Amino acid sequence: MPTQEERLDTVEFDLRQFKTETVRAYQDMALEITVIKGLAEDSIRRLSTLSDTMEKRFDGVDRRFERVDTRLDTMDTRLDRVDTRLDRVDTRLDTMDTRLGTMDTHLGTMDTHLGTMDTHLGTMDTHLGTMDTRLDRVEDMLAQILERLPEKP
């Protein structure tokens with residue numbers, strides 16, 4: 001069995017070795033943390049630049065949307081005026097439809113009256129034809145009577 005001195009030497013040796021390994025691990029970890037810190041700072045700087053760029057782009061997009069909104073508002077106003085005009089045109093066309101319907105009714109009535117007048121004129125033509133025939137006969141008779149009458153000296 002090792003003596004106490006040997007055991008103490010072993011513990012001291014192990015302790016020095018543990019201390020050396022711990023210091024080396026700590027240095028490695030410190031180096032890695034330094035690298036990570038550098039990478040994080042670089043990432044933060046890049047994210048900040050990206051954020052600024054995005055803010056500028058979003059500001060540009062916001063301005064474009066505001067212009068589009070303004071144009072759409074203008075178009076809405078114009079479309080409202082067009083709607084108003086179309087409503088007036090619709091009203092006028094409805095009025096014209098009503099008037100044309102009334103005119104169609106009046107023209108239908110006039111067609112009926114003209115048809116009746118055509119019938120009456122046809123009847124009158126027939127009567128006048130009959131009267132012409134009678135007058136022709138009367139004329140013939142008068143001509144015969146005049147032929148029979150002696151002439152005046």
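Visitor: Before we start, what counts as a salt bridge here?

Guide: A salt bridge needs a side-chain nitrogen of Lys or Arg and a carboxyl oxygen of Asp or Glu. The cut-off between those two atoms is within 4 Å.

Visitor: And how many salt bridges does the structure hold?

Guide: This is a predicted model, where local features need pLDDT of at least 70, side-chain atom pairs count only at pLDDT 80 or more, and totals for chains, interfaces and linings use all residues. Residues are numbered from 1 along each chain as its sequence is written, and side-chain values use heavy atoms, with hydrogens and water left out. On that footing, the number of salt bridges is two.

Visitor: Which residues are joined into one network by salt bridges that share partners?

Guide: Side chains of opposite charge can pair when their charged atoms come close. D42 meets R45 at 2.9 Å, N to O, and D42 also meets R46 at 3.7 Å, N to O. The shared partner ties up one network: D42, R45 and R46.

Visitor: Is D42 buried, partly exposed or exposed?

Guide: Buried means under 20% relative accessible area, exposed over 50%, and partly exposed in between (1.4 Å probe, protein chains only). R45 is exposed at 52%, and R46 is exposed at 58%. D42 has 26% relative accessibility, so D42 counts as partly exposed.

Visitor: How many helices and strands are in the protein chain?

Guide: Both are DSSP runs numbered from the N terminus: helices are H or I with at least four residues, strands E with at least two. Helix α1 covers residues 4-148. The count for the chain is one helix and zero strands.

Visitor: Why is the protein chain called more spread out than a compact globule, and what is its radius of gyration?

Guide: The radius is taken over C-alpha atoms, and the globule rule is 2.2 Å times the number of residues to the power 0.38. That rule gives 15 Å for 153 residues, and the chain is well over it, so it is more spread out, with a radius of gyration of 62 Å.

Visitor: Which residues make the nonpolar surface patch of about 580 Å²?

Guide: Patches take residues with over 30% relative accessible area and no salt bridge, joining like charges within 9 Å and nonpolar side chains (Val, Leu, Ile, Met, Phe, Trp, Tyr) within 5 Å. Areas come from Shrake-Rupley with a 1.4 Å probe, and for residues only the protein chains shown count as cover. L142, for one, is partly exposed at 48%. The patch is made by L135, V138, L142, I145, L146 and L149.
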